[in-house]
Amino acid sequence: MNQAIRIIGIDPGLRRTGWGIVESLGNSLRFVAAGTVRSDDKTTLATRLCQLHDGLAEVLHRQMPDEAAVEITFANKDATATIKLGQARGIAMLVPARAGLPVAEYAPNAVKKAVIGVGHGDKKQIQMMVKVLMPKAIFDGADSADALAIAICHAHHRQSVTSRLAALAS
């Protein structure tokens with residue numbers, strides 16, 4: 001394994017979908033880029049989903065990642081919000097899958113454990129630890145910091161995940 005693997009982490013949300021890209025080479029991580037794709041909450045749900053799709057597709061086209069990781073989302077405070085979040089998560093999984101990337105999924109507590117060392121913590125702790133792990137990281141808010149944390153989590157777990165995906169494909 002002498003070639004860096006470029007990983008995009010995606011933190012799905014209907015208003016804001018965070019994305020973060022790292023390069024992993026052995027145990028070394030390097031920050032590449034991060035940002036947030038936003039949808040216009042004054043438009044229809046279908047239009048908002050298109051905005052998320054097009055924004056993520058542009059990021060993938062520009063950044064050319066090799067693998068993707070998406071956070072698993074759980075039930076929200078109400079059923080309607082949960083369904084909308086699930087639709088945004090579908091977009092977050094569809095875009096890299098359509099680009100031919102393997103897509104791994106991680107529960108929030110697994111991401112937190114990989115980045116801050118425990119399965120529970122708040123967004124400020126994640127942002128702080130992302131900066132500790134990658135001092136050159138620049139992110140525009142909690143969503144892109146969370147996305148970087150998802151990418152870091154995948155970098156730590158990717159060997160076992162890619163082995164499982166290969167076994168499922170055979």
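User: Two strands count as paired if DSSP finds at least two bridges between them. With that in mind, how many bridges join strand E1 to E4?

Analyst: One thing up front: this is a predicted model. E1 covers residues 5-11 and runs parallel to E4. One place to look is Ile-10, which stands opposite Val-70 in E4. As for the bridges joining E1 to E4, the number is 4.

User: And on the E5 side, which residue does Glu-71 stand opposite?

Analyst: E5 spans residues 103-106 and pairs with E4 in the parallel sense, over 4 bridges. Within E5, the residue facing Glu-71 is Tyr-106.

User: How many residues of strand E4 are buried?

Analyst: Take the strand, residues 67-71, one face at a time. On one side sit Glu-67, Ala-69 and Glu-71, on the other Ala-68 and Val-70, and all of them are buried. Both faces of E4 are covered, then, and the buried count is 5 of 5.

User: Which strands stand at the edges of the sheet?

Analyst: The sheet is open, with 5 strands in the order E3-E2-E1-E4-E5 and mixed pairing. An edge strand here has a single partner, so one side of it is left without a neighbour in the sheet. From one strand to the next, the twist averages 20 degrees. The two edge strands are E3 and E5.

User: Parallel or antiparallel: how do E2 and E3 run?

Analyst: E2 takes up residues 16-25, and 10 bridges join E2 to E3. One bridge pairs Arg-16 with Arg-38 in E3. The direction of E2 and E3 is antiparallel.

User: Which strands does helix H1 touch?

Analyst: H1, residues 45-63, packs on the sheet. Its direction makes about 150 degrees with that of E3. The strands that H1 touches are E1, E2 and E3.

User: Roughly parallel or roughly antiparallel: how do H1 and H2 lie?

Analyst: Packed helices are described by the angle between their axes and the distance between the axes. For H1 and H2 (residues 79-98), the angle is about 30 degrees and the axes are 9 Å apart. The crossing is right-handed. Angles under 35 degrees count as roughly parallel, and therefore H1 and H2 are roughly parallel.

User: How many nonpolar residues does the contact of H1 with H2 have?

Analyst: From H1 the residues include Leu-49, Leu-52, Leu-56 and Leu-60, and they meet a set in H2 that includes Ala-88, Ile-91 and Val-95. His-53 in H1 and Gln-87 and Lys-84 in H2 also take part. By class, the contact has 1 charged residue, 2 polar ones, and a nonpolar count of 12.

User: Buried or partly exposed: what is Lys-84?

Analyst: Lys-84 lies in helix H2. Apart from neighbours within four places in sequence, Lys-84 is in contact with Leu-14 and Leu-45. Buried would need under 20% relative accessible area. At 34% relative accessibility, Lys-84 is partly exposed.

User: What separates the C-alpha atoms of Lys-84 and Lys-136?

Analyst: Along the chain, Lys-84 and Lys-136 are 52 residues apart. In space, the separation of their C-alpha atoms is 34 Å.

User: What is the relative accessible area of Ser-24?

Analyst: Ser-24 is found in strand E2. Setting aside neighbours within four places in sequence, Ser-24 is in contact with Gln-3, Ala-4, Ile-5, Ile-7, Leu-29 and Ala-155. Ser-24 is buried, with a relative accessible area of 6%.

Methods
Residues numbered from 1 in each chain as written. Predicted model: local features only at pLDDT ≥ 70, side-chain atom pairs only at ≥ 80, totals over all residues. Heavy atoms only, no water. Buried < 20%, exposed > 50% of the residue type's maximum accessible area, 1.4 Å probe, protein only. Axes fitted to C-alpha atoms, helices over the stretch in contact; angles between N-to-C directions. Contact = heavy atoms within 4.5 Å. Parallel < 35°, antiparallel > 145°, perpendicular 65-115°, else oblique. Left-handed = near helix turned anticlockwise from the far one by under 90°. Nonpolar A, V, L, I, M, F, W, Y, C, P; charged D, E, K, R; others polar.
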